[in-house]
Amino acid sequence: MNEFNVTTLGQFIIQKQQEYTFAKGEFSRLLRDIGIAAKVISREVNKAGLTQILGDHGSINVQGEDVKKLDIIANEMFISTLSAGGEVCVLASEEEDTILPLKGTFSKNGKYVVCIDPLDGSSNIDVNVSIGTIFSIYRRLSEPGTEPNLQDVLQSGNKLVAAGYVIYGSSTMLVYSTGNGVNGFTLDPSIGEFCLSHPDIKTPTDAKIYSVNEGNAIEIPDGVKKYLDWVKQDDKATNRPYSARYIGSMVADFHRNLLKGGVFIYPATAKSPNGKLRLMFECIPMSFIAEQAGGKSTTGSERILDIEPSELHQRVPVIMGSENMVNKVVEMINQN
Ligand code: AHM
Ligand code: MG
């Protein structure tokens with residue numbers, strides 16, 4: 001604790017590093033770099049409403065520069081920060097078709113692989129609704145010094161070293177886990193630091209919020225349809241009817257459910273037969289956080305973290321959140 005009685009993200013990372021005698025600090029530096037990228041993106045997100053004044057994306061701003069879309073800015077921010085850091089050999093981004101071996105001076109020797117969704121829920125930017133960044137970190141499989149490859153990236157969630165997200169909401173928060181519980185940090189804009197605000201987050205085992213795009217109800221699997229009927233029935237003993245909450249920004253829906261308890265569902269639909277959300281960039285990292293907080297995450301038939309990825313942009317159905325609620329959805333899917 002310092003004189004303000006807060007623990008900053010930087011202090012927390014160093015404290016944790018000291019618990020591992022052999023840690024050389026590279027991983028700590030990588031986490032710190034992600035925190036720096038998050039702060040810059042947070043600043044840009046907070047200026048988003050000013051595009052009318054500063055120039056819309058695609059236009060030229062008053063300084064004569066091209067104005068870029070925020071998701072592109074966020075993507076570039078990660079590429080440049082992680083290239084400069086040198087701990088990461090290859091980055092995979094939801095914004096990029098293929099993997100990006102990083103070109104920083106030390107990147108080829110970097111021990112880590114990072115996957116990011118730089119700005120998830122970006123359709124919500126223009127209407128001032130919360131959006132987020134999602135990240136996950138793996139150890140590289142190829143030899144340091146060689147060219148990293150797709151197999152370095154296509155690792156199952158069981159191999160994660162860390163994962164987390166940043167939510168740009170009424171405040172900016174960074175939530176992450178290294179496999180030893182979940183901690184949340186709120187950005188204090190007055191000192192420009194993420195401060196530990198939510199230590200050791202545990203999600204409720206049972207709750208009454210369900211988050212799903214019910215507009216798709218006609219085209220989702222029968223078991224999920226049945227669940228959506230079940231949640232609306234009146235039954236005091238099981239706290240029903242439940243409450244529907246769906247922002248359409250996965251990070252924000254997930255974050256609320258993590259703290260209050262709930263279940264988030266993005267099932268297979270007629271339009272997206274494998275679900276909409278991406279395994280590497282969205283489902284694995286969020287499932288890791290859910291489990292680390294005591295929750296659960298599955299496709300309905302398989303634990304998300306057990307899936308061996310086959311494609312960079314693979315999509316999967318996902319049911320995640322409070323354990324008993326996830327179990328109930330799965331039970332109804334299995335009845336069909
Ligand atoms: P994106 O990566 O293109 O932003 O899409 C992902 C988003 C999630 O944040 C959200 O849960 C989902 O899409 C909402 O989809 P829908 O509008 O089909 O309900
Ligand atoms: Mg996304």
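Two strands count as a pair if DSSP finds at least two bridges between them. That idea is handy for reading this predicted model, starting with strand β1.

Strand β1 covers residues 88-93, and six of its six residues are buried, so β1 is mostly covered. On one side of the pairing story is strand β2, residues 100-101, which is joined to β1 by two bridges and runs antiparallel to it. Within this pairing, L91 has L100 of β2 as its bridge partner. With six residues between them, β1 and β2 make a hairpin.

Strand β1 also pairs with strand β3, residues 112-120, and here the two run parallel, with five bridges joining them. One spot to look for is A92, which stands opposite C115 in β3. As a general point, side chains in a regular strand alternate between the two faces of the sheet.

Next comes the metal site. Which residues are the protein donors of the magnesium ion (ligand 2)? They are E94 (OE), D117 (OD), D120 (OD) and E282 (OE), and they lie 2.0 to 2.5 Å from the ion. Written along the sequence, the spacing of these donor residues is E-x22-D-x2-D-x161-E. D117 and E282 link distant parts of the chain: D117 sits in strand β3, E282 belongs to helix α8 (residues 279-292), and 165 residues set them apart.

Are these two donors buried or exposed? The cut-off for buried is under 20% relative accessible area. D117 has a relative accessible area of 1%, so it is buried. E282 comes out at 4%, so it is buried too.

Note on methods
Residues numbered from 1 in each chain as written. Chains lettered and ligands numbered in written order. Predicted model: local features only at pLDDT ≥ 70, side-chain atom pairs only at ≥ 80, totals over all residues. Heavy atoms only, no water. Buried < 20%, exposed > 50% of the residue type's maximum accessible area, 1.4 Å probe, protein only. Helix = DSSP H or I, 4+ residues; strand = E, 2+ residues; numbered from the N terminus. Donors = N, O, S within 2.8 Å, 3.2 Å for Na, K, Ca; no water.
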